[in-house]
Amino acid sequence: MGKAITTASQLTCPHGGTVTITAANPASAGASIATAADTFAIAGCAFTTPAGTPSPCATVAWTSSDKHVTIDGKPTISTDSQGVCIGPSGTQGAVLFGQTQPAVTTS
């Protein structure tokens, strides 16, 4: 079972950019639990193409989410989920999980 991702979780792109989660659902114990339908914006990515053109990651697209846990019919995101970072050049790597919600796990 993966640990739940909340608006307080720390996610990054593979190039050091910080993911900010904007959740539509209400907060629980100070942070909202993230769903695949929420917005995952990336700032501070330093990725450049091999030609030297800046191509920073901008958002996360989830390729898998929790199968058995939903909020308002939307699947939640946990450390078992898989997401890719998207920028002007397309898919630029997998999202990386840092600090998560320690008290909530999903199945």
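Is Phe40 buried or exposed? Select Phe40 and look. This is a predicted model, and in it Phe40 counts as buried, because its relative accessibility is 1%.

**First stop: Phe40 and Trp62**

The structure holds two aromatic pairs. Start with Phe40 and Trp62, which make an edge-to-face pair. Their ring centres are 5.2 Å apart, and the planes meet at 70 degrees. Angles over 60 degrees count as edge-to-face.

Now show the strands. Phe40 sits in strand β3, residues 39–43. Trp62 sits in strand β4, residues 59–64. The two residues are 22 apart in the chain, so the pair is one that links distant parts of it.Keep Trp62 selected. Its relative accessible area is 16%, so Trp62 is buried.

**Second stop: Trp62 and Phe97**

Add Phe97 to the selection. Trp62 and Phe97 form a stacked pair. Here the centres lie 6.2 Å apart, with 20 degrees between the planes. This pair also links distant parts of the chain. Trp62 belongs to strand β4, and Phe97 to strand β9, residues 96–97. The separation is 35 residues.

How exposed is Phe97? Phe97 counts as partly exposed, because its relative accessibility is 29%.

**Last stop: the cluster**

Select Phe40, Trp62 and Phe97 together. These three residues form one aromatic cluster. Trp62 takes part in the edge-to-face pair with Phe40 and in the stacked pair with Phe97.

How values were computed. Residues numbered from 1 in each chain as written. Predicted model: local features only at pLDDT ≥ 70, side-chain atom pairs only at ≥ 80, totals over all residues. Heavy atoms only, no water. Phe/Tyr/Trp six-rings, centres within 6.5 Å; stacked < 30°, edge-to-face > 60°. Helix = DSSP H or I, 4+ residues; strand = E, 2+ residues; numbered from the N terminus. Buried < 20%, exposed > 50% of the residue type's maximum accessible area, 1.4 Å probe, protein only.
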